[in-house]
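Hi everyone, thanks for making time this morning. I'd like to walk you through a model, one region after another, so please have a look at it with me.

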Amino acid sequence: MYKEILTRIKQGHRTMKFPKGAPPALSDRFRGRLIFDTEKCDPLCKICTEICPVGAIETESKRLDLGKCLFCTDCFQACPEKAISFSKDYRLSVRNREDLIVTTELKEIILAEELEKKMKKLFGHSLKLRQVSAGGCNACEADVNVLGTIGWDMGRFGIKLEASPRHSDGILITGPVTKNMEIALKKAWDAIPEPKILIAVGSCAIAGGPYIDMDQVNNGVESSLPVDLYIPGCPPHPLTILDGLLRLLGRIENE
């Protein structure tokens with residue numbers, strides 16, 4: 001036992017200070033919020049629309065859907081005018097689906113606001129979530145699990161993943177909701193006592209991701225259950241997920 005204690009003393013405190021301190025350094029390969037500069041676009045060019053595998057870009061209406069976007073860089077590499085670029089902004093979570101739509105008039109997304117007063121009082125200091133993987137590739141689940149490691153320690157905010165929906169305050173869902181998972185998801189949702197919340201993590205859960213419009217899947221969870229927080233990405237970076245959860249609980253002010 002003494003060896004373990006000495007080891008812990010030697011290792012010291014390894015959990016990051018975020019959000020009170022600076023966020024952790026991000027990889028050079030990190031791709032944050034997509035920036036669509038329509039003023040650089042050739043009116044006759046539709047390369048990005050044609051090459052996007054999920055229809056996230058509509059050049060005619062000059063509309064970019066970050067809920068569908070896979071952050072795959074196909075449009076970035078194909079654009080001859082360099083009108084598309086990736087920022088290092090990890091803040092992507094929103095409360096309303098339409099807030100993920102970027103247009104010429106609205107170029108910035110409206111970041112997630114905190115829960116309503118009654119819900120924040122209930123969940124602000126203790127939020128237990130049942131994670132449901134509804135047919136995804138496991139990438140989003142892996143990044144959610146990272147938040148439980150010592151470096152991130154999501155539990156210090158009172159946020160934990162529960163094994164049973166009956167002991168949970170809501171569902172954190174990943175995956176496009178396959179036809180085979182519809183009933184299981186509905187049963188898990190019904191087993192959670194009111195009031196409850198639902199958090200959609202990743203482009204699959206929001207809009208179907210790379211499986212969009214396939215016969216075997218639904219295009220996300222929105223058609224069957226009410227969503228309280230949308231966290232886009234394919235998969236979202238753990239920092240993006242944590243930022244969204246903390247904004248929902250009012251631990252991070254809009255900035």
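**A walk through the model**

Let's begin with what surrounds helix α8: the cover over its buried residues includes β6, α5, β7 (159-162), β9 and β10. Please keep in mind throughout that this is a predicted model.

How many of the residues of α8 are buried? Eleven of its eleven, so the helix is mostly covered. If you click along α8, you'll find nonpolar side chains among the buried residues, including Leu 239, Ile 241, Leu 242 and Leu 248. Asp 243 and Arg 247 are on that buried list too, as is Gly 244. Just after the helix comes Gly 250, with a positive phi of about 75°.

Now to one of the elements covering α8, strand β6. Five of the seven residues of β6 are buried, so the rest of the structure largely encloses this strand. Its partnership with β7 is parallel and runs over four bridges. If you want a place to find that pairing on screen, look for Lys 128, which stands opposite Lys 160 in β7.

Follow the chain on from β6 and you enter the loop between β6 (127-133) and α5 (139-146), where Asn 138 is found. Asn 138 is not a glycine, yet its phi is positive, at about 85°. Is Asn 138 buried, partly exposed or exposed? With a relative accessible area of 48%, Asn 138 is partly exposed.

There's another residue of this kind to show you. Lys 82, again not a glycine, has a positive phi near 55°. You'll find Lys 82 in the loop between α3 (74-78) and β4 (84-86). Lys 82 is exposed, because its relative accessible area is 54% and the cut-off for exposed is over 50%.

While we're on the backbone, let's talk about prolines. Which peptide bonds are cis? Among them is the one from Glu 194 to Pro 195, with omega near -10°. Pro 195 sits in the loop between α6 (182-191) and β9 (197-201). A cis peptide bond also joins Cys 234 and Pro 235, where omega is about -5°. That brings us back towards our opening helix, since Pro 235 lies in the loop between β10 (229-231) and α8 (238-248).

Next, a bench favourite: the cysteines. How many disulfides are there? The count comes to zero, taking a disulfide as two cysteine sulfurs within 2.5 Å. For Cys 45, the nearest cysteine sulfur belongs to Cys 48, and it is 6.3 Å away. Cys 45 counts as partly exposed, at 22% relative accessibility. Why is Cys 69 not bonded to Cys 75? The sulfur of Cys 75 is the closest cysteine sulfur to that of Cys 69, but at 6.2 Å it is too far for a bond. Unlike Cys 45, which is partly exposed, Cys 69 is buried, with a relative accessible area of 7%.

Last stop, the beginning of the chain. Met 1, Tyr 2, Ile 5, Leu 6 and Ile 9 make a nonpolar surface patch of about 640 Å². One of these residues, Tyr 2, has its place in helix α1 (residues 2-11). Tyr 2 counts as exposed, at 64% relative accessibility.

That's the tour, and I'm happy to go back to any stop you'd like to see again.

Conventions:
Residues numbered from 1 in each chain as written. Predicted model: local features only at pLDDT ≥ 70, side-chain atom pairs only at ≥ 80, totals over all residues. Heavy atoms only, no water. Buried < 20%, exposed > 50% of the residue type's maximum accessible area, 1.4 Å probe, protein only. Patch = residues over 30% accessible without salt bridge, like charges linked within 9 Å, V, L, I, M, F, W, Y side chains within 5 Å. Areas by Shrake-Rupley, 256 points an atom, 1.4 Å probe, with all protein chains shown as cover. Salt bridge = Lys/Arg side-chain N within 4 Å of Asp/Glu carboxyl O. Helix = DSSP H or I, 4+ residues; strand = E, 2+ residues; numbered from the N terminus. Contact = heavy atoms within 4.5 Å. Pairing = 2+ DSSP bridges.
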